[in-house]
Amino acid sequence: MENESSLRAPFQNLLDRSAKLFNWILVPEDPIFLRGGKRIVPDGTVRDHYRIPHGWWESKDSKDKLATEASRKIDLGYPARNTIFEDSRRALLYQDRRISGEFDLRQPDSVAHLLGTFYSHELAEYHEFDHALRDFLDRIPELAAALQNTIAAAHKNLPAFQHAYKDFLELCRSSLNPDTSPQAVDEMLIQHILTERIIRNLFGKAEFTHQNVIAQEVEKVIAALASKSFSRAEFQGRFDKFYKAIERAAEQTADVREKQAFLNRIYEGFFQKYSWKTADTHGIVYTPQEIVDSMCGAVERTLKEEFGKGLGDDSVVILDPCTGTGNFVVNLIHRMPRTKLEKAYRHRLFANEVMLLPYYVASLNIERAYFEAMGQYEPFEGLCFVDTLDMAESAQLAMFTPENTARVKREKDAAITVILGNPPYNVGQRNENDNNQNRKYKQVDHRVRETYTKDSKASSKSKLDDVYVKFFRWASDRLGDRDGIVCYVSNNGFIDRIAFDGMRKHLLQDFTRIDHIDLHGDVRRNPKLSGTTHNVFGIQVGVGITVAIRRKGLKPALRYHRVPEMWRKSEKLDFLETGKIEWRTLEPDAEHTWLIPEHADEWREFAPLEKLFDLYSVGVLTSRDEVVYDFAREALAERVANFIETYNSEVDRRKRTKGTFLFDDRIKWSEGLKLNAKRSRQAEYNANCIRSALYRPFSKRWLYFDRILNERVYQWPKIEGRVMWVKVGAAWPFFALAADCICDLLPQGGSQCFPLSHLKDDAPAKFGLSSKLDTFHYIYALLHHPEYRARYADNLKRELPRIPRAPNVAPFVEAGKKLAQLHVEYETLEPWPLEERHNKAVPFTWRVEKMRLSRDKSEVQVNGALKLGGIPEKAYAYRLGSRSAIEWVIDQYRVTTNSDGSLSDPNRADDPEYIVRLIGQVVRVSVETVEIVAALPAFR
């Protein structure tokens, strides 16, 4: 007779697959810690997205008496609220501690009935918790607003509060961030009031606010807030239902990891509902337990295999620099031998957190994990309330409280050998009006500039301002001259983006071996992906796990593994749990490219496009498109004049307030505009600044071209005449388009523009040509060649084009001339003869609100009265990036509403047929472009 372990696999597979239908997961052998430290291990636990358990499964040997074994397990403490006991032939389902059914597993209908009953059962306390939690999170903005009003009144009317608040604000500025605003302090108080009861009761720590060194300081301010108009107990009573629901759920949750997991979800939901700016700046994203476990396991294996050490060894000193809720430290505690845990916990384990709420949670999580492991409570003195990147500064002020200062000093003096965690991934604010920009760090920023930035050959290096880049630089330096390990989960962009070539160079200099798991999920590179479905964090950017090892005597290596691009989040997390990774060893080239594209050797032999011009420029960056772009010249002039008046008033106001910068929300601020205002530079309206510009392919608009109102004009004041507008970056497929006006930067990677007037004198000779114009046309045709684009697609994602010399250049010159004329003069062409199909039931008009393509793309619905049919299928083969030329026109030429309520209207009163005529003209451009390109000869 087969035993239990060999029989349970089929049922485990069945539960695993069926759980996913509910967006739940089956966690095999997930231990439960009972009161008194007793540990039991069901064969499987079904959990929801909060990691709350909804059911259990236990497999028994078919020789056993199932009912007897089930009763014995329940007596030992195994759950019986919704638990399947089975022996591969039959199953007993216990619900609410009673048998609710017996099922024959050899009958499909009976199995279906079992699963239906199992998944439909609601554990009362969790059902109540789930509803209460959603209600609480939905009400957070309302509750926070009420608290903000109370605090605002106290600022005006309560001297005791004003005094305590002033002291606390100065404490935050001297200890955490010199730019701490009163609004940020208000946020800290609101966070504390709304959540400290949850934290206390979930972990059974009624004395928390009196013991925690940071909570004590916050409590001083909140105590001063108490008045006749505000009672904390009365305020919290408004959502007492939620508190009681989570407390009842906590009573049923003995396992510290369950408490930790759904508290993490609460904390993430809290920030997303209450303060998205805080969540965005600090990269507050819940790290799935599978990723935490995988990374901690990787560190443990690396210590053993490469250093011959264990996590608890005396020479292993560990730091999580951005601990969040302490997940990584908790995982490490579970992995350490009890014989070594006490000394490691006291002396060799450190963690930092700069946000108040996760700091609280981390403190309780870590201390509870230690209690569960050792059976006794001990405060975690290794947790610091501090901004890790601040600690790189040579001068260090007092860090919030004497106790916290002592912790920070002890950490600074520690010989750290392992750094692991999840650094923030945010690159900066969405716009300057958010006032949400990442902090500047004098020492770390300097180190990034003198290493990563200095050795980068990229034309744009702004991506190196990303916080996770700073954390890599800081970690490399924090190890000092010691051997050690850095293990981060982070944005994946540094692996292959051109801006990170200097960073890649230094990582291989700073470390002996680097292992990188590419979890992909970059929605911007592959629009077929969904962030919520395919990304392990549910975000838009790709994610990776890096283990960087420094060890004298270790053979240098760069190892890489990429999961299948279309894997879903659950598949990626399942893969990480297996720990089975097939590494591919990479050999970087001289340009510090790790993922070397196919045909790289021949690509390097071609002439770099940028080396053929003595001047070229990225497209114009306005940072306020809605203000300085418009289809109508008159509307643009009026809007810009109003904007300038408002902006100049703000400059005057700043002068009157002696340097205080008072933001006017009517202004679309940017970094450059703020700098101009601080320098008291006023703008002046000039009608000659209104210029024609190509905003998107075959979509011209008027642009107010001005150094103050445009964030960056780059080299455009020096450019005249015809240019090649080249889309760069990995987010969109490559394209090139000729133009005779200013071109926009374009989103997601940007663009570069190459002017005919700045082609170098020696450029024609490189291709056996006699004139610059012929050379320009030769290059333009070659950039359209289908085989060139396909063969070097990966190269074109990474860098600007390189130009080969074709065996026969004359056909390219002629083709380039025709293409450039089509693309520049498209508005003067005879339209393609499309069929006008009229709806006589609707009064005729040329006006366009929003055009639509038919399902088969053979016709365009212009408006309710008119359709244009007979579009040739081949017209859609002319694509510029992610869209065909026709689809660009349909997308751009529609009436939209700007954020200020004004309309962006492409219809022309002086030429009402313009848009309909344009459709026909672009169809002609598309068809003829496809035909010209198809006739090109081989380019090599």
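A residue counts as buried when its relative accessible area is under 20%. The structure is a predicted model.

**Exercise 1. The whole chain**

Find what share of the protein chain is buried, and how many helices and strands the chain has.

Solution.
- Step 1. Take the 940 residues of the protein chain; 57% of them count as buried.
- Step 2. Turn to the secondary structure: the chain holds 33 helices and 35 strands.
- Step 3. Look at the surface. Its accessible area is about 40500 Å², and carbon and sulfur atoms account for 48% of that.
- Step 4. Check the contacts between residues at least 6 apart in sequence. Of these, 71% link residues at least 24 apart.

**Exercise 2. Cysteines**

Decide how many disulfides the model contains.

Solution.
- Step 1. Set the test: two cysteine sulfur atoms must lie within 2.5 Å.
- Step 2. Apply it. The count is 0 disulfides.
- Step 3. Try Cys741. Its nearest cysteine sulfur belongs to Cys743, 5.4 Å away, and Cys741 is in no disulfide.
- Step 4. Try Cys743. Here the nearest cysteine sulfur is that of Cys753, at 4.4 Å, and Cys743 is in no disulfide.
- Step 5. Add the burial. Cys741 has a relative accessible area of 10%, so Cys741 is buried. Cys743 is at 0% and is buried.

**Exercise 3. Two packed helices**

Describe how helix H18 and helix H19 pack, giving the angle and the distance between their axes.

Solution.
- Step 1. Locate the pair: H18 covers residues 442–453 and H19 covers residues 467–478.
- Step 2. Read the geometry. The angle is about 90° and the axes are 9 Å apart.
- Step 3. Classify it. An angle of 65 to 115 degrees counts as roughly perpendicular, so H18 and H19 are roughly perpendicular.
- Step 4. List the contact. H18 contributes Val444, Asp445, Arg447, Val448, Thr451 and Tyr452. H19 contributes Val469, Lys470, Phe472, Arg473, Trp474, Ser476 and Asp477.
- Step 5. Sort these by class: 6 nonpolar, 2 polar and 5 charged residues.

**Exercise 4. Helix H26**

Name the buried residues of helix H26 and the helix they pack against.

Solution.
- Step 1. H26 spans residues 671–678.
- Step 2. Its buried residues are Gly672, Leu673, Lys674, Asn676 and Ala677.
- Step 3. The buried residues of H26 pack against helix H25 (633–656).
- Step 4. Look past the helix. Ser680 follows H26 and has a positive phi, near 60°.

**Exercise 5. Three side-by-side cases**

Is His777 buried or exposed? Is Lys874 buried or partly exposed? Is Lys309 buried or partly exposed?

Solution.
- Step 1. His777 sits in helix H28 (residues 772–782). With a relative accessible area of 5%, His777 is buried. Beyond four places in sequence, His777 touches Arg722, Phe812, Val813, Gly816, Lys817 and Ala820.
- Step 2. Lys874 is in the loop between strand E31 (866–869) and strand E32 (879–880). Its relative accessibility is 40%, so Lys874 is partly exposed. Beyond four places in sequence, Lys874 touches Val927, Val930 and Glu931. The C-alpha atoms of Lys874 and Val923 are 9.5 Å apart, with their positions 49 residues apart along the chain.
- Step 3. Lys309 is in the loop between helix H13 (289–307) and strand E9 (318–320). At 31% relative accessibility, Lys309 is partly exposed. Leaving out neighbours within four places, Lys309 contacts Leu303, Lys304, Ser315 and Val316.

Notes. Residues numbered from 1 in each chain as written. Predicted model: local features only at pLDDT ≥ 70, side-chain atom pairs only at ≥ 80, totals over all residues. Heavy atoms only, no water. Buried < 20%, exposed > 50% of the residue type's maximum accessible area, 1.4 Å probe, protein only. Axes fitted to C-alpha atoms, helices over the stretch in contact; angles between N-to-C directions. Helix = DSSP H or I, 4+ residues; strand = E, 2+ residues; numbered from the N terminus. Parallel < 35°, antiparallel > 145°, perpendicular 65-115°, else oblique. Contact = heavy atoms within 4.5 Å. Nonpolar A, V, L, I, M, F, W, Y, C, P; charged D, E, K, R; others polar. Areas by Shrake-Rupley, 256 points an atom, 1.4 Å probe, with all protein chains shown as cover.
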